[in-house]
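Trainee: Could we go through the model together? I'd like to see how each label follows from its value.

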Amino acid sequence: MTESSGLMHGTGARQPPPSDEEELEALLSEPSPEVVEALRPLAGDLVVVGAGGKIGPTLCRMAATALRRAGSNSTVLAISRWTDERSRRRLDAAGVRTLAADLSDPDVYAGLPDAAAVMFLAGQKFGTTGHEGSTWWSNAGIPVLTATRYRGVPTVAYSTGNVYPLRPLALGGATESDAPAPLGEYAQSCLARERVFNHAGERWNTPTCVFRLNYAAELRYGVIVDIGRKILRGDSIDVAMPVVNIVWQRDSTAWSLRCLQLCTTPATIVNATGPETLSVRRIATILGDLLEREVAFEGEEAGDALLSDASECHALFGYPSVPALQLIRWVAHWLSHDGVQLERATKFQQRDGRF
């Protein structure tokens, strides 16, 4: 699908944007009826490993809400170091049970609670360069410890489309059947994470789904936010990475929870992103118009990019509920009203795998 189909067809574009962070988080964590049904059979607690990152808090809220609507007695147990105490308090208030643990410490795992299912979100991306050892420990070592502790427990392991090579634009995105060819130590360590979970699944008969996501987007972070903030600062937009995939985070979160129904041995792989191939130049141009700012560009569009084909995911779960143009408009509104930011740039423009 071309970028024009994602940006010019503004289905639902008149839906108003969230007005503040509370409304945004409520929107991001609202479960679909399908998520409720996916979690209804859960005969025990859902453990979320690495729950304190960008996606974890709203995933935990979505799962907790879905379990309540299903009439379940199961609890969401959110495990993280919880360096953001505000986020932890909000989850506690939402009925999620938060547990503080340093997942890099092997000694903590014996004390972790039992689970009926596991969502694995732990990992390190930024600061990889110069800290390769800690990156590998986070992205490959922690999966070993987690998979050992939760052997036999259905597990959805978040991964990334970075495990694929850059793709010629004429070929479209990589599919689940395409061989990984990770560029740089971050992507290599993410493939190691996948291999660990797959091996553990086969060794201990642990049903597993590897969820390859790129790029989740909301109003506090994501590719569109990165571009919009550069425009507001007067920085030029690098178009060397000419196109991107994005998906509204509420949709990708819902898909990942529904992937608990797809866990198998050996692991099922699911590419998760939006259906469009979006032009970085076009996103910036639209944002510039909405923000009433001039946009400067630098670099030259390459003939390849990091792209994933999520057709199988859409066949299973449907298309995203928020189309690209609507999301761009929402981000522009959020930025122009000084909305809260998570200060976590995607670095989507990196072509050498160095983060």
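Trainee: Why is Glu-218 called buried?

Mentor: In this predicted model, Glu-218 has a relative accessible area of 1%. Buried means under 20%, so Glu-218 earns the label with its 1%.

Trainee: And where is Glu-218 found?

Mentor: Glu-218 sits in the loop between β8 (216-217) and α8 (223-233).

Trainee: Which residues does Glu-218 touch, not counting those up to four places away in sequence?

Mentor: Leaving out those sequence neighbours, Glu-218 touches Leu-24, Leu-28, Val-225, Trp-248, Gln-249, Val-331 and Leu-342.

Trainee: What makes Glu-218 and Arg-220 a salt bridge?

Mentor: Their side chains meet at 2.8 Å, N to O. The cut-off is 4 Å between a side-chain nitrogen of Lys or Arg and a carboxyl oxygen of Asp or Glu, so the pair qualifies. There is a backbone link as well: the nitrogen of the Arg-220 backbone lies 2.8 Å from a polar atom of the Glu-218 side chain.

Trainee: Is Arg-220 buried or exposed?

Mentor: Buried: its relative accessibility is 4%, and the label applies under 20%.

Trainee: Which salt bridge do Arg-220 and Glu-25 form, and how do you know?

Mentor: The side chains of Glu-25 and Arg-220 come to 2.7 Å, N to O, which is within the 4 Å limit. Glu-25 lies in helix α2 (residues 21-28) and Arg-220 in the loop between β8 and α8, so this pair ties together parts that are 195 residues apart in sequence. Both partners are buried.

Trainee: Which residues are linked in a network of salt bridges?

Mentor: The network links Glu-21, Glu-25, Arg-61, Arg-86, Arg-90, Glu-218 and Arg-220.

Trainee: What makes Arg-351 and Asp-304 a salt bridge?

Mentor: Their closest N and O atoms are 2.3 Å apart, again within 4 Å. This pair links distant parts of the chain, with Arg-351 in the segment after α12 (324-336) and Asp-304 in strand β15 (residues 304-305), 47 residues apart.

Trainee: Why is Arg-351 called partly exposed?

Mentor: Partly exposed runs between the 20% and 50% limits. Arg-351 has a relative accessible area of 26%, so the label fits.

Trainee: And what makes Asp-304 partly exposed?

Mentor: Asp-304 is at 23% relative accessibility, so it counts as partly exposed too.

Trainee: How many salt bridges does the count come to?

Mentor: By this rule, the count is 16 salt bridges. As for the principle, side chains of opposite charge can pair when their charged atoms come close.

Conventions:
Residues numbered from 1 in each chain as written. Predicted model: local features only at pLDDT ≥ 70, side-chain atom pairs only at ≥ 80, totals over all residues. Heavy atoms only, no water. Helix = DSSP H or I, 4+ residues; strand = E, 2+ residues; numbered from the N terminus. Buried < 20%, exposed > 50% of the residue type's maximum accessible area, 1.4 Å probe, protein only. Polar contact = N/O pair within 3.5 Å; in protein donor to acceptor, adjacent residues only side chain to side chain. Contact = heavy atoms within 4.5 Å.
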